[in-house]
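Visitor: I am new to this structure, and I would like to understand how the words used for it are justified. Could you take me through the reasoning step by step?

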Amino acid sequence: MPRLTIDGREIEAKAGQTVMQAARDHGIFIPYFCWHPNLSVPGNCRICVVGVAEKDGGEWVEIACNMPAAEGMVVFTASEKVKARRKATMEFITLNHPVDCGICDKAGECTLQDYHFEYNGAASVSRDAKTHATKHFDLSERIVLDNERCIQCTRCVRFTREISMSNGLGMLDRGDHSIVRPSPDGAFAKDAYSDNVIDLCPVGALLAKDFLHKARVWYLKATPSVCPGCERGCGVNLWHRKDEWKLRSPRQAARNEGIDRVTPIENPAVNGPWVCNKARDLPRLFGRVRATGPLFKGAPAPCEAAVLEARALIAEAKRPVAVVSSWASNEELAAFKAAFGSRFALVAKRDHEPQPGEVVQDDLLIRADKNPNAAGVRAVLGECGTEVPKDADLVLVWGEGFDFRAVPAGAKIVFLNAFLAPENGHADVFLPLSIQTERSGHYTNFAGVTSRFERCFALPPGVLHAEELFGSLVGNGRGA
Amino acid sequence: MKHLIPEFERMKARFPAGFDSSLVLPCLHRIQADRGFVADEDIVGLCEYLKVPRIQVEEVLSYYTMLRREGIGKTHLQVCRNIACSMRGAEDVIEHACKRLGVKPGQTTADGKFTLSTVECLGSCGTAPVLMVNDAYHENMTLEKLDALIAGLS
Amino acid sequence: MPGRQLIMNFEVTPASHTLADYRARGGYETLVKALGMAPADITKEVTASGLLGHGGAAFPVGRKWGVMKPNPGEIHYLCANADEGEPGTFKDRWILEHAPHLLVESMLITSYALGVRHAFVYIRGEFDLPYRRIQGAIDEAYAAGLLGKPVPGSDFALDIVVYRGAGSYVCGEASGLITSIEGRKPYPRNRPPRLTVKGLFQKPTVINNVESLANITGIIRMGAEEFRKVGTAKSPGTQLISISGHIAKPGVYEVEYGYSWAKFLDEDCGGMLHGAKMKCVVPGGISTKVLTRPEIENLTLSHESVNPAGSGLGSGGMIVIAEGTCMVRLLQVLLRFYHHESCGQCTPCREGMGWMHRIIDRIVAGEGVPDDIERLYAISHANDGTTICGMGDAAGFATVGILNKFRDEFEYWIANKRSKMDGRLECRA
């Protein structure tokens, strides 16, 4: 294992590591644009230059991302020579960059912005007009590209070649006319992982149309969560307004309770640094119209009465069946088990099935089971049935995706669901539930890895937490 | 492009196994020699034939100066304007060609007979200035030789 | 004749490039000798010869070969770099047109030494006659049973593919060349790994300039010891110098290392065009720094003589510049070229070339400011050793070389909005 010295600190690198990797492993920061731990090393941005001591006391500079860590090497990350080189490189990178941070969504989390302050900070020394390139180019239906902001690090291009394998993007032309473009065969539009290039982009060249001009990023906070889009359970950050930046206008108030964007949380055990586009679309999934009050056969009912009625129906049933949601958290499943024990015959339900056009399964992340916690259901409740027994006289349906034609004639229905749906009105008792963003909990993914999601928003009025509800559904008859 | 596949197969046989991607450039050369330029349908056919991603062919096409996506005039006049040629009168040759043909570099005459281009060093500095007429070098170019050449091709 | 000749040592006739004529000159006899040697001994001989690469960097050929440790059963490739694109350079073209079989024989010997089964000649796309000549020679060699199947009397076989470029300067850079053969945009690659470790399709690959390879046959034929008797101790052998510009007799000359530079220009090349006075000379391709006439007066054409003068023999592309030539316009042509040829992969070159080109255009347009000269220096400096391939450096060298020696012309143009030398590049009678 080579031992080398970086900024006076002796460290031991792993065999085959570059200076960049070794430094990062030991918490020493070296700046980079094009380098990424999960992508190939093109060494094109040249900002990661470091100095290496020569035997004669001199110093040569070389990029850290492609330099093997060698025994006895003495590296400087901020010598005068390195600083001068970095400043020159920053001058080059910003030479034709519009520096329009004021109207750029990336401002506040832009590597270029941060490095400019850190390594240059001076006004442009150029007297010549900046070159122009395409702005607002539709890279796909989801992503807009600003070629003037692009610093040609090729992270996005490499992502489509090395990770998503769609070969959806390329760098056309040459020299300072080089330009990122999608493949004309539409490969990028079909790339189920395309939105990762937005996070990969170290500048504001690639932006999500869904998030375009929606909020400055410092208005938002990130709540760690788990994508419920399939049984992979990728780690995600759900971005929503900070309390101090809530919109005051009544017209915009709804946006305060919505997710503005979703980004991946790196988790090597589950999703690495990536998520698929479905995770990016969670705001739409969570943003569907909610059920906001209990119903008796479609008629609005007071909450307390509805709970009591449900309790009575459960108590009276002789052969009750519960259809369990695979979107329920481990905590909710445990509460169900604690409340009811073996009162119900259990049927496991896939709340969501693959939608037309959706990638069913691939070799990267996407799994065929489009529910986050089927493994949790099995772990907490054991093996469940797949069909409602014909002799059931009460069916407790928990969550979406149930075909009510499977309910035996004459059986009572208690339905727990979060969203507005025609089926809500068919139940004898309907109770509205919270969604993932209104509670915290855990999901267990297909590989047995359990991940936690945190609450983003308060519980809306009239809506119940399943975890608290189940206790109230145990007891005798309609009396308290 | 499909009718060239037997030729491509012979080319492929000269390469080591597993070099299909290498055939992109030779095939594009051949397609351009056949059609005068590379059309979208050629690209699609080539990608299918070589099993290479479309974007790779697009990148290659956009990068190299000799490859074209559109047709040009019947005769392609390319005047070198790099240092050695400029030192031997290439600037006069270019100016004269522009005047004589009534076009600017990069343009094609209205009758479609000539396309005039300027290019960087053609490696013919000892016989500068050099003019490429389609594939052939015409060296030690003079304004008189240029006139005769254009007259002969008009 | 500027010294002894090892490559241009035969009379060029309409048939001198053919197999029959080459055989009559003793062609392919050295191959038989080489196949009787152990491969490692050939590398040893080449190393001992001290042959320096003729692509521009003068890297010892034997040292490059030595990195590649041929393992039987493993794949290795050889590429002859015939992407001659450095402005001022047209000497490989001479070999391709007039001595293509010398290259083929040399590639056979080299491949045998390095355990290569498949070799490539990467030739620039614009070269039409050179392409037809080398392809013709290879076809003749195939027909004669020298290629494609074991060479008679041995079990060594080689295939050679001629790969045509399509108009790109950076393909002449070894790793750009390899990426081009892989069928992609010819982006040069970072080192490490060296190409002799991971080259074409990640296999160890040796890339040698055409002229470097053309010397191999002679070295094996005469032996390293004899070869070293030609040239100087530090620059053994000869160099093909392609001379152009304001010189009376431009063309390709084979010069024995150590030959007087002044004598070469004044006698062998017939002196200046139209009897003009010489202002300066680009020694070896535009990426080497210009030297003035007084600077070269006592130099010989050898690396040990030219390098200390702050320049180099590079690719042997010598451009002679007469008094009265406008160096501002000249630099403008060079910077336009570098801007046009920058592949755009790495930051300093992608942005720097365009920036320098815009500055020089602005100066020529009469809108320059004194600060522009410092800016050109700064951009050149910021490209020195910071780019993936040598192109950024090269543009910087060329710029600094001209600015250092002719700064007054730039200052004059900026101050007076016109050329000090009436803006001419030609040398009129």
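Guide: In this predicted model, buried residues make up 45% of the 480 residues in chain A, and in chain C they make up 60% of the 429 residues.

Visitor: What makes a residue of chain A count as buried?

Guide: A residue is called buried if 20 or more other C-beta atoms lie within 10 Å of its own, and 45% of the residues in chain A meet that condition.

Visitor: How do you know that both faces of strand S20 of chain A are covered?

Guide: As a general matter, the side chains of a regular strand alternate between the two faces of the sheet. In S20(A), which runs over residues 429-432, Val429(A) and Leu431(A) lie on one side, Phe430(A) and Pro432(A) lie on the other, and all four are buried.

Visitor: Why are strands S14 and S19 of chain A said to pair with S20(A)?

Guide: Pairing requires at least two bridges between two strands. S14(A) and S20(A) have 2 bridges in the antiparallel sense, with Val429(A) as the bridge partner of Phe296(A), while S19(A) and S20(A) have 4 bridges in the parallel sense, with Phe430(A) as the bridge partner of Phe415(A); both therefore count as pairs.

Visitor: And why is chain C called as compact as a globular protein of that length?

Guide: Chain C has 16 helices and 11 strands. Its radius of gyration is 22 Å, close to the 22 Å that the globule rule gives for 429 residues, so chain C is as compact as a globular protein of that length.

Methods: Residues are numbered from 1 along each chain as its sequence is written. Chains are lettered from A and ligands numbered from 1 in the order in which they are written. This is a predicted model: local features need pLDDT of at least 70, side-chain atom pairs count only at pLDDT 80 or more; totals for chains, interfaces and linings use all residues. The radius of gyration is taken over C-alpha atoms; the globule rule is 2.2 Å times the number of residues to the power 0.38. A residue is buried if 20 or more other C-beta atoms lie within 10 Å of its own, exposed if 12 or fewer, and partly exposed in between; C-beta atoms are placed from the backbone.
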